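Here is a friendly walk through the model in front of you. Have the viewer ready, as we will go from single residues to pockets and then to the whole chain.

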Amino acid sequence: MVATPILHHLHILTLLLICSCSMHASANTTTTVTVPCLPDQASALLHLKHSFTHANLPSWRDGEDCCRWEGVACDAASGRVISLNLSSIDAAIRRVDPALLNLTSLKILSLSTTRISVGLSSLSKLPSLSSLELHGSSSWNPAGPELSSVGDIRQLTSLRLEGYDLSWSQTSWIGNLTGLVYLRMNSCSFTGPMPDQIGTLAKLTLLDLENCNYTGQPVPSWIGNLTRLTKLGIQGCRHPGSIPSAIANLTRLEVIRLGNNSLVGKIPQSLFAFPALKVLSLKNNQLSGHLEDIPFPLYSSLSTVEINDNQLTGHIPKSILQLKHLEYLNLESNRLSGTIKLSPFWRLEKLFFLSLSNNKISIADEEGGDFLNSLPNIYQIHLASCNLTKFPGSLRYLDKVSVLDLSSNQINDVIPSWVWENWKNQLESLNLSRNMFTALEKFPSLVHMPNLTVLDLSFNRLQGSIPIPVTAMPGKVLDYSNNNFSSILPDFGRYIRSFYLNLSKNKLNGHVPSSICSASNLNILDLSYNNFSGSLPSCLIGSGKLAVLKLRENQFNGTLPENIREECKFRTIDLNRNQIEGELPRSLSNCQQLELLDVGNNQVRGSFPSWLGILPKLRVLVLRSNQLNGTIRDLDGDRGTINQFPTLQILCLASNRFYGHLPKGWFNKFKAMMENVNEEGRVLGYYTNTTHGFYQDTVTITLKGSDLIFTKILTTFKAIDFSNYSFDGPIPESIGNLVSLHGVNMSSNNFTGQMPSSLSNLSQLESLDLSWNRISGEIPQVLTSLTSLAWLNLSYNNLVGRIPQGNQFLSFPNSSFEGNVGLCGGPLSKQCETTDSTASSALAPPEPYNLWQDRLDAILLFAFVGLGFGVGFASAITFRMFCHIKGLDCKQWLISCILTYLHLQYIATRKYE
């Protein structure tokens, strides 16, 4: 019975505990409940959607929680919309619908205003709106009142404008937003300087102006008025001038980003003195002078110093090596000098990125030392062009390196085995190119490096078998070019996961292993300048999966596959200097992306492949030194196609077996050569999105009397080479329509007739070679208007008359005109008739025909009488009748004969005496 009260109390305690737990659980449940979107909020949003001309908003459906709709965020406790982001939604918003004003709790709004014409001013009625993002289009000029009305939304604390051309509107409205704390303006254009009104926004803590064009205006001095700034970014705005001294007033700055401008002068020491500064980025400017010592470096908060790509000189200050918070240091591409030891950098415990590349410094390496006790967790090391002569041994102690660049040094050594032994699990990029490495220490033919995406061993002296990394990730670059490698694993293709493989300029020979067909990720393949032989693996061309295939200067033979797939992705095919036979396969017309086709110096047969004219992007066509034959027919006759070769800019047909006349209008089809553009143009090639950057196409054509290798082909460069054929007849006048030509070579043919005066239309022409033809007549005087002409060869033709004088013609040597017996005047030694005699002859009236006939009879009789009266009289009558019957003008010929006769008579008389 005693236990009964105790049990009773225990029962009560248990009930209290259960109630307490239930109440606690209930309280927790209450705080985590999310209120769904309120009906009036959903209704407003749907009304807003219907105001769009069209909208791709599949999630915005009646009856569903609007807080889960795309671009919408709600307050969890109230179910009211607080954020609306429509900047990236495909919707044609032409006005701000009044329904938006029902979202009274809206704090953040992001809109694309490209097509909005009215309604922005109404946003001032949203009482809670504090953050506004407006995305325009820099190619479209929004109406002036549209943005000026933003100045009425005075409750804003954050404003971001992106992609606006403000050249045609006033920007004074910015000064009305006195409550702004954050101001971002990206990709905006101005006709004048940065708006002064920004300097009056005293509450600003963040000012970010990126890729805004201020048309050559310096950074304004009023920047020093914004004393509350903690983050200042003015990047890519093309600002010239120096860094304003007023920036020293901004003592609260934590981040300074002034990169990608045109700033000059010294870096103010005050920038390093800000006590709270963590990030200093001044990259890609023209800053010069010495780097000053950092005041009190031990107390500095600097973690990022990015001053690469400037013109800084002198030594690297030792105070930089005392920044104990330093994580990122980039000093590359300056003119810094002196000898640098690596060990002090290894004492910076937080350092994870170091780049000293492309300066005038010399690196001294120490393997031992106290730095081994506190090594940094450094991931990236860039020491390109640092005058290294040996592989830095201290690197072996850094166990987290993922990116190493030692390119462009003078390292004459073996590549140590610890590179792939110590770092094989984390190494992502290894660039040892442009050194003098001779071998790889203990490097197996296959090495497991699961994270490796870039391996560049190019431009060394490496020999033997090519090492192949076995990686688990799709790679980017494998470059073994310009070495002495002589072999490769037969099944190497199984392990190639990169999209760029360059084996060019080695000593590889034999057949290309068929395993190359297994490299399914390959996009760019370069096997050029080796000794490969045999037929091409059909997969390389037939599959059409590659974008770039370069096999030039090998010994490949056989024919090209006929069945190139319709999904062909080729942009470049270069098979120059092999032994390819047969005709070009017509299935090449499936390669609609093809820009360059070079099959020069092979044994290709057939007629001119006019069917290639349907390729819409073909820019370079090289067919030189093959066995192509036949006549060149008018392109109008090919399939009835109107636009033939619409983008062709370089056409080389030299040294084949073509013959006959060129059709009169043949050149009229090359539309790209007829466009007279003054822009610089883009470089022909392929963007690789790797450390190799841009892959450039190359081509060899004969210009200025030599075979020129163009390692960079601009889309504005235009040239034709029709040399070493048997073309005859006149050069078509239509060549004058190719007004953007830079080079013309039609030498060593049988062209006749006169030089087309239309050549004077080629205002950009730099090289003209018409030598070794049978062109007659005079050189057109109008060709002196070709002021860009730097090289001219008209030698060994049948040209006559005075060589034009003036402009470029005054600079051409004698060799430009030799072999034309009828030419006279400078630079030839043969002088033309004097101006007076020529003028008097030109002004003298023509003699009557009968008078000339009478004189001719008398002269004939006189000339031949020396033969004896009877014989002379008969000869004179016979010659007179011959000229009459043949209709010949015998005047010039007769005068020459008479002078010769009198000269012989004189010699005979002298001899007799």
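## Proline 827 and its peptide bond

In this predicted model, proline 827 sits in the loop that runs between strand S56 and helix H7 (835-843). The bond that leads into it deserves a look: the peptide link from glycine 826 to proline 827 is cis, with omega near 10 degrees. Most peptide bonds are trans, and most residues other than glycine have a negative phi.

## Two residues with positive phi

Phenylalanine 459 is not a glycine, yet its phi is positive, at about 60 degrees. You will find phenylalanine 459 in the loop between strand S25 (454-456) and strand S26 (463-465). Its relative accessible area is 33%, so phenylalanine 459 counts as partly exposed.

Tryptophan 772 also has a positive phi without being a glycine, here near 55 degrees. The loop that holds tryptophan 772 joins strand S52 (767-769) to strand S53 (776-777).

## Two buried loop residues

Is asparagine 820 buried or exposed? Asparagine 820 belongs to the loop between strand S55 (798-802) and strand S56 (822-824). With a relative accessible area of 4%, under the 20% cut-off, asparagine 820 is buried. Leaving aside residues up to four places away in sequence, asparagine 820 touches Leu794, Ser795, Tyr796, Asn797, Asn798 and Leu799. Asparagine 820 and arginine 774 are 46 residues apart in sequence, and their C-alpha atoms are 9.9 Å apart in space.

Serine 515 lies in a loop too, the one between strand S31 (509-510) and strand S32 (524-526). Its relative accessibility is 10%, so serine 515 also counts as buried. Beyond residues up to four places away in sequence, serine 515 touches Pro490, Asp491, Phe492, Gly493 and Arg494.

## The two largest pockets

The largest pocket holds about 860 Å³ of space. Its lining has 36 residues, and those closest to the pocket centre are Asn502, Lys505, Asp526, Lys550 and Thr698. Strand S30 (500-502), strand S45 (694-696) and strand S47 (706-710) each contribute at least two lining residues, and S45 gives the most, with 3. By type, the lining of the largest pocket comprises 19 polar, 11 charged and 6 nonpolar residues.

The second largest pocket has a volume of about 260 Å³. It is lined by 16 residues, with Arg586, Ser607, Phe608, Pro609 and Trp611 the closest to its centre. Strand S39 (residues 603-606) gives the most to this lining, with 3 residues. The lining of the second largest pocket divides into 7 nonpolar, 5 charged and 4 polar residues.

## The whole chain

Stepping back, the protein contains 10 helices and 56 strands. Of its 913 residues, 50% are buried. The accessible surface adds up to about 42200 Å², with carbon and sulfur atoms accounting for 52% of it. Among contacts with a separation of 6 or more, 55% are between residues 24 or more positions apart.

## Where to be careful

How confident is the predictor, and what is the mean pLDDT of the protein? The mean is 83, and 82% of the residues reach 70 or more.

Two stretches call for some caution. Over residues 138-145, pLDDT stays under 50, and the model has 11 contacts there beyond four places in sequence. Over residues 837-913, pLDDT likewise stays under 50, with 33 such contacts in the model.

Note on methods: Residues numbered from 1 in each chain as written. Predicted model: local features only at pLDDT ≥ 70, side-chain atom pairs only at ≥ 80, totals over all residues. Heavy atoms only, no water. Helix = DSSP H or I, 4+ residues; strand = E, 2+ residues; numbered from the N terminus. Buried < 20%, exposed > 50% of the residue type's maximum accessible area, 1.4 Å probe, protein only. Contact = heavy atoms within 4.5 Å. Areas by Shrake-Rupley, 256 points an atom, 1.4 Å probe, with all protein chains shown as cover. 1 Å grid on protein atoms, 1.4 Å probe; cavity = no way out; pocket = protein on both sides within 12 Å on 5 of 7 lines; lining within 4 Å. Points joined across faces, edges and corners; volume = space filled by probe spheres on them. Nonpolar A, V, L, I, M, F, W, Y, C, P; charged D, E, K, R; others polar. pLDDT = per-residue confidence, 0-100.
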